[in-house]
Amino acid sequence: MASVFSLPSSSFLCPLKTKRFRTKFQSLHSSPKPFLINSLQLKELDPNIPEPVQTFWKWLCDEGVVSAKTPVKPEIVPEGLGLVAKRDIAKGETVLEVPRRFWINPDAVADTEIGNVCTGLKPWISVALFLLREKWRDDSKWKYYMAVLPESTDSTIYWSEEELSEIQGTQLLSTTLSVKDYVQNEFQKVEEEVILPNKQLFPFSITLDDFFWAFGMLRSRAFSRLRNQNLILVPFADLTNHNARVTTEDHAHEVRGPAGLFSWDLLFSLRSPLKLKAGDQFFIQYDLNKSNADMALDYGFIEPSTSARDAFTLTLEISESDDFYEDKLDIAESNGLGETAYFDIKLGQSLPPFLIPYLRLVALSGTDAFLLESIFRNAVWGHLELPVSRANEELICNVVRDACKSALSAYHTTIEEDEKLMEEGNLSSRLQIAVGIRAGEKKVLQQIDDIFRERELELDELEYYQERRLKDLGLVGEQGDIIFWEPK
């Protein structure tokens with residue numbers, strides 16, 4: 001999770017450095033032709049559904065993606081638009097299948113007029129340019145799909161300055177601003193290197209707002225968990241909404257099957273993770289591992305009732321000015337970490353197992369530094385999993401607690417004030433996200449502070465390296481008293 005943890009009082013907790021982010025594509029039939037579908041399929045749609053959605057559904061029917069056997073249909077739902085079961089659906093039953101010729105991914109872009117100029121671009125940028133070009137073209141094969149894509153979502157990348165002020169002090173704000181800077185920089189490069197030199201391919205104005213729209217569509221609608229697929233938009237399938245009741249991600253599959261009257265191809269298949277009754281909405285799980293901040297950034301909603309989604313990222317760093325920088329870095333890398341390490345801490349869950357050892361490592365100094373000697377190299381991590389010395393343990397407690405207090409002071413509301421707002425209700429969707437995010441982060445920070453406050457109270461009771469070593473040598477009794485051996 002990209003985030004920022006600011007700690008002016010420590011050299012080893014630091015701001016996070018931003019991190020993120022051939023099969024031929026069969027062309028769709030482009031010749032004009034009437035929609036040839038069963039009239040019963042048209043009547044089954046709610047007349048209150050927006051006209052673009054009805055037209056999109058007709059297109060899917062005409063192309064054979066939807067048939068009378070398709071067990072779901074689009075309807076107005078609390079989330080806006082979703083897919084609802086027309087009949088009972090068994091758990092694990094296939095709900096929809098979309099042939100590969102309808103997938104929008106880098107391979108699809110490569111087989112279009114802009115394919116050559118998109119070679120070498122980041123995959124998401126090539127798909128973004130494709131979306132913008134197809135949205136502009138009146139004769140686009142994808143025009144019915146483009147017409148149902150929203151102009152924006154509640155993702156924080158679309159928030160106004162006033163709305164962003166509601167997440168003041170949060171890691172989500174820092175991440176959002178970093179992502180916006182990243183997208184802006186990518187747009188400036190692609191505008192200069194691809195768009196302007198190829199006006200014959202892009203004979204229309206592409207603004208930064210347009211580019212943000214395409215970026216947001218990809219963040220919120222792309223499937224990325226298929227085998228061999230890093231980025232894929234699937235019309236029809238992307239009408240499926242998320243629900244926390246779904247606790248598995250094993251619902252999207254690539255299968256081979258009929259893709260037309262006389263053809264077989266790869267199909268994008270979605271199976272129901274839940275048993276559904278007729279009239280129930282068909283849900284999937286977008287991502288079990290994302291925090292509420294990730295959900296807000298990518299999809300424009302959060303799960304306020306799921307405490308495990310509330311998280312805060314501690315960012316630790318071995319300073320290059322540390323006298324033992326090379327030794328500490330070598331030890332960290334030997335244990336799968338690096339100069340900078342990120343630890344996502346979730347509400348109600350234990351600290352990540354490598355957090356405390358890494359803290360002890362970066363805090364090693366003075367008389368404790370003997371553990372950095374090469375003779376201990378193979379065993380040092382095992383020693384760091386236990387308290388090293390009182391001074392070392394006290395230092396990490398002080399540093400983390402000071403960091404928590406500093407982070408908490410950056411919010412402009414208290415946990416109690418946020419909870420009162422949520423209880424009163426009547427919040428806009430974006431304000432609900434803001435209040436939920438800042439309350440969740442503060443609860444996690446309070447949890448971290450409580451853990452290290454309790455640890456401070458136990459400092460005199462902990463067993464440190466020297467005591468353990470003396471016990472191993474038989475020089476300390478069971479009560480902790482030093483044994484003196486007198487010569488016979």
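Lys135 is partly exposed, its relative accessible area being 35%, and this residue offers a convenient way into the structure, which is a predicted model. Its partner is Glu151, with which Lys135 forms a salt bridge whose closest N and O atoms are 3.5 Å apart. Because Glu151 sits in the loop between α6 (143-146) and α7 (161-164) while Lys135 belongs to helix α5 (residues 123-136), the pair ties together parts that are 16 residues apart in sequence. Glu151 itself counts as exposed, at 58% relative accessibility.

That pair belongs to a wider set, for the structure holds 28 salt bridges. In general terms, side chains of opposite charge can pair when their charged atoms come close. The setting is a protein with 17 helices and 9 strands, in which 50% of the 488 residues count as buried. The protein exposes about 24000 Å², and carbon and sulfur atoms supply 49% of that area.

Helix α14 shows how such pairs can lie within one helix or reach out to another element. Within α14 (residues 390-408), Glu394 and Arg390 stand 4 residues apart, about one turn of the helix, and their side chains meet in a salt bridge at 3.3 Å, N to O. An α-helix has 3.6 residues a turn, so residues three or four places apart point the same way. Both partners are partly exposed, Glu394 at 32% relative accessibility and Arg390 with a relative accessible area of 34%.

The neighbouring topic is Glu393, whose side chain meets that of Arg455 in a salt bridge of 2.7 Å, N to O. Since Glu393 lies in helix α14 and Arg455 in helix α16 (residues 429-457), this pair ties together parts that are 62 residues apart in sequence. Glu393 counts as buried, at 0% relative accessibility, whereas Arg455 is partly exposed, with a relative accessible area of 22%.

Glu393 is one of the buried residues of α14, a list that also includes Asn392, Ile396, Val400, Cys404 and Ala407. The buried residues of this helix pack against β8 (311-317), α12 (355-363) and α16, so that α16 meets α14 through this packing as well as through the pair of Glu393 and Arg455. As for the length of the helix, the 19 residues of α14 should span 27 Å at 1.5 Å a residue, and the end C-alpha atoms are indeed 27 Å apart, which agrees.

Elsewhere, salt bridges join into a group: Glu166, Asp418, Arg438 and Lys442 are linked in a network.

Two loops that border β7 complete the tour. Ser272 is found in the loop between β6 (264-271) and β7, where it is buried, with a relative accessible area of 2%. Although Ser272 and Lys91 are 181 residues apart along the chain, their C-alpha atoms are separated by 5.5 Å. Leaving aside neighbours within four places in sequence, Ser272 is in contact with Ile89, Ala90, Lys91, Gly92, Glu93, Val95 and Phe282.

Tyr286, in turn, has its place in the loop between β7 (283-284) and α10 (292-298). A polar atom of the Tyr286 side chain lies 2.8 Å from the backbone oxygen of Thr240. An unreviewed UniProt entry lists Tyr286 under "binding site", together with Arg221, Arg225, Asp238, His253 and Tyr299.

Notes: Residues numbered from 1 in each chain as written. Predicted model: local features only at pLDDT ≥ 70, side-chain atom pairs only at ≥ 80, totals over all residues. Heavy atoms only, no water. Salt bridge = Lys/Arg side-chain N within 4 Å of Asp/Glu carboxyl O. Buried < 20%, exposed > 50% of the residue type's maximum accessible area, 1.4 Å probe, protein only. Areas by Shrake-Rupley, 256 points an atom, 1.4 Å probe, with all protein chains shown as cover. UniProt positions renumbered as here; feature names shortened; annotations may be inferred. Polar contact = N/O pair within 3.5 Å; in protein donor to acceptor, adjacent residues only side chain to side chain. Expected span 1.5 Å × (residues − 1). Contact = heavy atoms within 4.5 Å.
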